[in-house]
Amino acid sequence: MELGLVIDWAGLNRTTRRLAAAAPAALAAAGVAMAASSTPRPEIDRRAETVRQLTRGDLSDKGLAAITARMTPSQLAVALRHDPGERRPALYGLTPGWESLTLAGKPTLDFGANGLEAIRLNAATPGTQGLLRAARPFEFRPATAEDRRRARRCLTQAIYYEAALEPTEGQEAVAQVVLNRVRDPNYANSICGVVFEGAERTTGCQFSFTCDGSLAHPPVRWAWDRAARVADRALAGYVAARVGTATHYHADYVRPWWAPTLNKLTQIGAHIFYRWKGVYGEPAAFRQAYAGREPAIDEARFARPRLQLAADAAAGTKAEPDPTVRTVEIDGQTRVVGVASLGGRRQPTPSEIAAINERLAAFEPPAPRPAPAVEAPGVVAMEVEEVGRPAS
């Protein structure tokens with residue numbers, strides 16, 4: 001029996017054409033697959049995979065701690081140095097706080113961080129705007145015209161020496177803090193009493209200008225007049241709404257030890273303002289009545305820095321007078337003249353400047369000595385004759 005084989009040539013041709021059309025795509029896919037299998041993974045992919053495995057997808061503080069735990073101290077230092085969100089300076093062995101050192105060489109009386117580290121900590125502390133309470137207008141009823149003059153001068157001094165270059169809103173906030181303290185049972189019941197509280201002691205002054213010698217410098221007239229206008233508005237009942245019942249403030253480049261114990265309200269200019277925690281920061285707690293009587297302030301006594309007075313008393317010596325300020329008679333009136341200052345820094349005395357220069361000279365390399373002249377063989381040294389030089 002003979003079997004017959006019938007071939008469908010038309011169908012075979014169609015199938016061949018379809019396979020030929022699909023061949024380039026198949027070859028391209030095979031080429032991509034081969035390339036992917038032979039090309040190493042990019043470094044960024046491998047790093048991302050390592051981070052995912054270490055943190056298990058958790059990029060919170062816990063996950064980041066798992067990453068830093070595997071780093072050596074040097075690796076961690078390099079990572080922090082390149083962190084754009086980190087404002088800590090690279091000290092490279094320098095003394096902490098070097099960026100805020102002064103020529104006086106005296107540390108601040110406040111224990112805590114300072115400089116760039118303080119700025120970072122202060123910025124990281126959230127404000128508690130929900131605890132802001134409106135303060136009542138201050139009822140200024142002095143007993144006599146002299147009490148009015150004293151109160152106005154003390155408040156103006158606080159605004160000027162604490163915030164002379166701050167915006168007007170910042171000066172108003174400083175005045176508000178002073179008046180809030182007058183009504184706070186924890187402080188004196190007069191404006192001058194609050195401003196100069198603690199200034200008679202070596203430490204403990206509530207406002208730094210009453211202890212650091214700033215009062216020895218005559219004020220700049222335009223800045224003093226500006227501070228006086230702010231004081232007049234505050235005594236007339238103006239309330240700084242952004243600080244409310246605040247009783248404390250400090251500059252943003254320091255971090256006092258007491259900052260975490262209070263509620264941070266807001267920052268205005270360079271000053272950060274705080275209120276008491278709990279009921280002590282509520283308006284009802286400010287129940288102390290203004291005395292109406294203002295104590296007489298011996299400004300000449302408080303114009304000397306407290307630390308300097310203590311050192312002089314212990315050594316039994318008399319301090320060198322400040323040469324930048326002197327007293328003169330003008331039209332029959334005694335006036336203080338000298339270097340004007342916006343407060344906060346005392347001019348160094350000549351002896352202090354000499355001591356500073358002496359310490360700086362220790363770091364300067366010695367001047368190179370000129371090499372002795374070497375005469376060449378056969379050359380005779382001759383004196384130089386100057387021609388046309390004037391006789392005198």
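## A salt bridge to start with

Let's begin with Arg275 and Glu282, which form a salt bridge whose closest N and O atoms sit 3.4 Å apart. Arg275 counts as buried, because its relative accessibility is 1% and the cut-off for buried is under 20%. Glu282, at 23% relative accessibility, counts as partly exposed. This pair has company too: salt bridges with shared partners link Arg133, Arg275 and Glu282 into one network. Keep in mind as you look around that this is a predicted model.

## Two more bridges, both from α6

How many salt bridges does the structure hold? There are 10. One of them pairs Asp147 with Arg293, and here the closest N and O atoms are 3.6 Å apart. Asp147 belongs to helix α6 (residues 145-163), while Arg293 sits in the loop between β5 (271-275) and α10 (299-302), so this pair ties together parts that are 146 residues apart in sequence. The two partners have opposite surroundings: Asp147 is buried at 4% relative accessibility, whereas Arg293 is exposed, with a relative accessible area of 53%.

Helix α6 also supplies Arg153, which forms a salt bridge with Glu299; their closest N and O atoms are 2.7 Å apart. Since Arg153 is in α6 and Glu299 is in helix α10, this bridge also ties together parts that are 146 residues apart in sequence. Both residues are partly exposed: Arg153 has a relative accessible area of 33%, and Glu299 comes in at 25%.

## A closer look at α6

What length should α6 span, and what do its end C-alpha atoms say? With 19 residues at 1.5 Å a residue, the helix should span 27 Å, and its end C-alpha atoms are indeed 27 Å apart, so the two values agree.

Now for what is hidden. The buried residues of α6 include Asp147, Ala151, Cys154 and Leu155, along with the run from Thr156 through Gln157, Ala158, Ile159, Tyr160, Tyr161 and Glu162 to Ala163. And what covers them? The cover includes the helices α7 (168-182), α8 (191-195), α9 (221-235) and α10, plus the strands β2 (248-251) and β5.

## The nonpolar cores

Next, the inside. The largest nonpolar core has 47 residues, and the members that touch the most others are Leu155, Val178, Ile191, Val195 and Phe273. Elements giving two or more residues to this core are α6, α7, α8, α9 and β4 (263-268). Which element gives the largest share? That would be α6, with eight residues.

Try finding Leu155 in the structure. Leaving out neighbours within four places in sequence, Leu155 is in contact with Ala175, Val178, Leu179, Ile191, Ala231, Ala234 and Leu235. Apart from this core lies another one, made of five residues, among them Trp258, Ala259, Leu262 and Tyr274.

## A nonpolar patch on the outside

Nonpolar residues turn up on the surface as well. Val51, Leu59 and Leu64 form a nonpolar patch there, and together they have about 260 Å² of accessible area. To find Leu59, look in the loop between α2 (43-55) and α3 (61-68). Is Leu59 buried or exposed? Leu59 is exposed, because its relative accessible area is 59% and the cut-off for exposed is over 50%.

Definitions and conventions:
Residues numbered from 1 in each chain as written. Predicted model: local features only at pLDDT ≥ 70, side-chain atom pairs only at ≥ 80, totals over all residues. Heavy atoms only, no water. Patch = residues over 30% accessible without salt bridge, like charges linked within 9 Å, V, L, I, M, F, W, Y side chains within 5 Å. Areas by Shrake-Rupley, 256 points an atom, 1.4 Å probe, with all protein chains shown as cover. Salt bridge = Lys/Arg side-chain N within 4 Å of Asp/Glu carboxyl O. Helix = DSSP H or I, 4+ residues; strand = E, 2+ residues; numbered from the N terminus. Buried < 20%, exposed > 50% of the residue type's maximum accessible area, 1.4 Å probe, protein only. Expected span 1.5 Å × (residues − 1). Contact = heavy atoms within 4.5 Å. Core = buried A, V, L, I, M, F, W, Y, C linked by side-chain atoms within 4.5 Å.
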